[in-house]
Amino acid sequence: MTIDMHDLLNSIVKSLDRTEYVRPEDVPDIELYMDQVTTFMEQRLKPATRNPEDDKIMTKTMINNYVKNHLMPPPDKKKYSKEHMLLLIFIYYFKGFMSIGDIQTLMEPLTKQYFGEDRDFKLEDIYREVFSMEKEEIDSLKKDVIRKFRKAEGTFEEAPEKGQEFLKMFSFICLLCFDVYLKKMMIEKMIDSISELKNPEEMEKAEKEKRRSRKGEE
């Protein structure tokens, strides 16, 4: 088996160019029943999966478990709002590398403060702001991937020629994995730091304590 590393790199970079998020205006502004929710998720998110023919995006059981574990508020009379849909999209991306418990810790303050039509600053505003950074981040990621590829290309020069190709790819994968490992560790540390701040009152109390500590040090 031979592996053309440059073809592989080009394929990866092109796949990043094709990455698109679900824009808020693409999410139905009407309440949906469960079957409509799963259909929407399948149609919008499945093309980016590893095996579009077989991969399941989100099942009824998954969604019921998200509600049961307080990752999002329950539906109103079995109907899911646009805000439910936005939360489900967040959850879909998070669940690939975060535990249900960590997602719950992260999402609970979000839903308590911003879920609901009567809010001045809405969940849709947060979703739009976060995903608006996508293009810049993808451009930055492409440069980083290419840099790692060049670095991996220079490894194992002394290894037997027969196995060099695979070892260089292994080196490239290890560099990418190390990056993921470090970022996952940082995410977990940040989630641990907010695990005790379950609501706005606790956050405000913590900020007051920090301000008092700073004054005491002056």
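1. Let's start with a charge on a ring: Arg23 lies over the face of Tyr21, 5.1 Å from the ring centre. To count as sitting over a ring, NZ of Lys or CZ of Arg has to be within 6 Å of the ring centre and within 35 degrees of the ring normal. Tyr21 also belongs to a cluster that ring pairs build together with Phe90, Tyr92, Tyr93, Phe94, Tyr127 and Phe131.

2. A quick word on what we're looking at: this is a predicted model, where local features need pLDDT of at least 70, side-chain atom pairs count only at pLDDT 80 or more, and totals for chains, interfaces and linings use all residues. Residues are numbered from 1 along each chain as its sequence is written, and side-chain values use heavy atoms, with hydrogens and water left out.

3. The overall build is easy to state: the protein chain has 9 helices and 0 strands, so along the sequence you read α-α-α-α-α-α-α-α-α. Helices (H or I, at least four residues) and strands (E, at least two) are DSSP runs, numbered from the N terminus. Of the 218 residues of the protein chain, 33% count as buried. Buried means under 20% relative accessible area, exposed means over 50%, and partly exposed is in between, using a 1.4 Å probe and protein chains only.

4. How many aromatic pairs does the structure hold? There are 11 of them. Rings of Phe, Tyr and Trp (its six-membered ring) pair if their centres lie within 6.5 Å; planes under 30 degrees apart count as stacked, over 60 as edge-to-face and the rest as tilted. One of the pairs is Tyr93 with Phe131, which is tilted, at 6.0 Å centre to centre and with 50° between the planes. This pair links distant parts of the chain, as Tyr93 is in helix H4 (residues 82–94) and Phe131 is in helix H6 (residues 123–131), 38 residues apart. Phe131 is buried at 13% relative accessibility, whereas Tyr93 is partly exposed at 32%.

5. Another pair worth a look is Tyr114 with Phe121, an edge-to-face arrangement with 6.0 Å centre to centre and 75° between the planes. Tyr114 has a relative accessible area of 24%, so it is partly exposed. Phe121 also counts as partly exposed, at 47%.

6. On to helix packing. Two packed helices are described by the angle between their axes and the distance between the axes. Axes here are lines fitted to C-alpha atoms, for helices over the stretch in contact, and angles run from 0 to 180 degrees between N-to-C directions. H4 and H5 pack at about 160°, with their axes 11 Å apart, which means H4 is roughly antiparallel to H5. Angles under 35 degrees count as roughly parallel, over 145 as roughly antiparallel, 65 to 115 as roughly perpendicular and the rest as oblique. The H4 and H5 crossing is right-handed. A crossing is left-handed if the near helix is turned anticlockwise from the far one by less than a right angle, and right-handed if clockwise.

7. H5 has a second partner to check. The axes of helix H5 (residues 100–114) and helix H8 (residues 161–194) come within 10 Å and cross at roughly 55°, so H5 and H8 are oblique to each other. H5 passes H8 in a left-handed crossing.

8. What about the cysteines? A disulfide is a pair of cysteine sulfur atoms within 2.5 Å, and by this rule the count is 0 disulfides. Why is Cys174 left without a bond? Its closest cysteine sulfur, in Cys177, is 6.3 Å away, which is too far. Cys174 is partly exposed, with a relative accessible area of 34%, and Cys177 is partly exposed at 46%.

9. Two loop residues deserve a look at their backbone. Lys77 has a phi near 55°, a positive value in a residue other than glycine. Lys77 sits in the loop between helix H3 (60–68) and H4 and is exposed, with a relative accessible area of 74%. Phe156 also has a positive phi near 55°. Phe156 is in the loop between helix H7 (134–153) and H8, and counts as partly exposed at 36% relative accessibility.

10. Last, the N-terminal helix: Ser15 is in helix H1 (residues 5–17) and is partly exposed, with a relative accessible area of 32%. The C-alpha atoms of Ser15 and Ala48 are separated by 8.9 Å, with the two positions 33 residues apart along the chain.
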